[in-house]
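These exercises go with the structure shown below. Read each task, try it on the model, and then follow the solution step by step.

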Amino acid sequence: MAERLAPGEVDDLIARLDRDFHPALERGKAGQSTATRRMDRAEFLQRVADRAGISHQDAFDHARAVFTVLRDALPGGEFWDIAAELPAEYAALWSAR
C-alpha cells in the first residue's frame, strides 16, 4: 500500500501507527516509482497476491481487512485523505459488502 500512496501520506501513517508497521511502510515508500503510484486496483491486488503467495481472492480479502482496520483506526479524516488519493475502484476495499 505504501508504494501506491504519496510519500507524505506514508509519513502520516508512520506517525500514527504502531512501530510494528513502520518497516513495511518505509520499504513501500522506498520502493515507490511513477508506475507504482499509478497502479490500478487489479495490479495492486496482484502484487499483494504475488508477495504473500496467495490467491487473488485472498489478496482482496487481506487488502480489504487492512483498509477496513485503517478506516476504523485512523483519527479524524486521515483515512479519507488516503482514500482520496486512490481511484474510485479501490473503494470496494473499504466499503461495506
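**Exercise 1. Two helices, α1 and α2**

At roughly what angle do the axes of α1 and α2 cross, and within what distance do they come?

Solution. The model is a predicted one.
Step 1: Two packed helices are described by the angle between their axes and by the distance between those axes.
Step 2: For α1 and α2 the crossing angle is roughly 170 degrees, and the axes come within 10 Å.
Step 3: Angles over 145 degrees count as roughly antiparallel, so α1 is roughly antiparallel to α2.
Step 4: On the α1 side, the contact is made by P7, V10, D11, L13 and I14. On the α2 side, H22, L25, E26 and K29 take part.
Step 5: Sorted by class, the contact of α1 with α2 has 5 nonpolar, 1 polar and 3 charged residues.

**Exercise 2. Two helices, α4 and α5**

Describe how helix α4 packs with helix α5, giving the angle and the distance between axes.

Solution.
Step 1: Helix α4 covers residues 41-52 and helix α5 covers residues 56-73.
Step 2: Their axes are 8 Å apart and make an angle of about 100 degrees.
Step 3: Angles of 65 to 115 degrees count as roughly perpendicular, so α4 is roughly perpendicular to α5.
Step 4: From α4, the contact takes in R41, A42, F44, L45, Q46, V48 and A49. From α5 come H56, A59, F60, A63 and F67.
Step 5: The residues of this contact between α4 and α5 divide into 9 nonpolar, 2 polar and 1 charged.

**Exercise 3. The surroundings of L13**

Is L13 buried or exposed, and which residues does L13 touch beyond four places away in sequence?

Solution.
Step 1: L13 sits in helix α1, which runs over residues 7-16.
Step 2: Buried means under 20% relative accessible area. L13 has 0% relative accessibility and therefore counts as buried.
Step 3: Not counting residues up to four places away in sequence, L13 touches M1, L5, L25, L70, L74 and I82. L25 also appears among the α2 residues in the contact of Exercise 1.
Step 4: The C-alpha atoms of L13 and E78 are separated by 8.6 Å, although these residues are 65 residues apart along the chain.

**Exercise 4. The residue E3**

Find where E3 lies and list its contacts beyond four places in sequence.

Solution.
Step 1: E3 belongs to the segment before α1.
Step 2: The relative accessibility of E3 is 9%, so E3 counts as buried.
Step 3: Leaving aside neighbours within four places in sequence, E3 is in contact with G28, G31, Q32, T36, R37, M39, R47 and R51.

**Exercise 5. The largest pocket**

How many residues line the largest pocket, and which of them lie nearest its centre?

Solution.
Step 1: The largest pocket holds about 710 Å³ of space.
Step 2: Its lining has 25 residues, and M1, A2, A24, V48 and V66 lie nearest the centre.
Step 3: At least two lining residues come from each of α2, α4 and α5. The most come from α5, with 7 residues.
Step 4: By class, the lining of the largest pocket divides into 17 nonpolar, 2 polar and 6 charged residues.

**Exercise 6. Three residues and their distances**

Place D11, A83 and A91, and give a C-alpha separation for each.

Solution.
Step 1: D11 is in helix α1. With 34% relative accessibility, D11 counts as partly exposed. The C-alpha atoms of D11 and R41 are separated by 22 Å, with their positions 30 residues apart along the chain.
Step 2: A83 lies in helix α6, residues 78-85. A83 has a relative accessible area of 11% and is buried. From A83 to D11 the C-alpha separation is 15 Å, at 72 residues apart along the chain.
Step 3: A91 lies in the segment after α6. Its relative accessible area is 23%, so A91 is partly exposed. The C-alpha atoms of A91 and R41 are separated by 9.5 Å, at 50 residues apart along the chain.

Definitions and conventions. Residues are numbered from 1 along each chain as its sequence is written. This is a predicted model: local features need pLDDT of at least 70, side-chain atom pairs count only at pLDDT 80 or more; totals for chains, interfaces and linings use all residues. Side-chain values use heavy atoms; hydrogens and water are left out. Axes are lines fitted to C-alpha atoms, for helices over the stretch in contact, and angles run from 0 to 180 degrees between N-to-C directions. Helices (H or I, at least four residues) and strands (E, at least two) are DSSP runs, numbered from the N terminus. Angles under 35 degrees count as roughly parallel, over 145 as roughly antiparallel, 65 to 115 as roughly perpendicular and the rest as oblique. Contact means heavy atoms within 4.5 Å. Ala, Val, Leu, Ile, Met, Phe, Trp, Tyr, Cys and Pro count as nonpolar, Asp, Glu, Lys and Arg as charged, and the others, Gly among them, as polar. Buried means under 20% relative accessible area, exposed over 50%, partly exposed in between (1.4 Å probe, protein chains only). On a 1 Å grid over the protein atoms alone, a cavity is a set of points where a 1.4 Å probe fits but cannot get out, and a pocket is an open set with protein on both sides within 12 Å along at least five of seven lines; lining residues have an atom within 4 Å of a point. Grid points are joined across faces, edges and corners, and a volume is the space filled by probe spheres set on the points.
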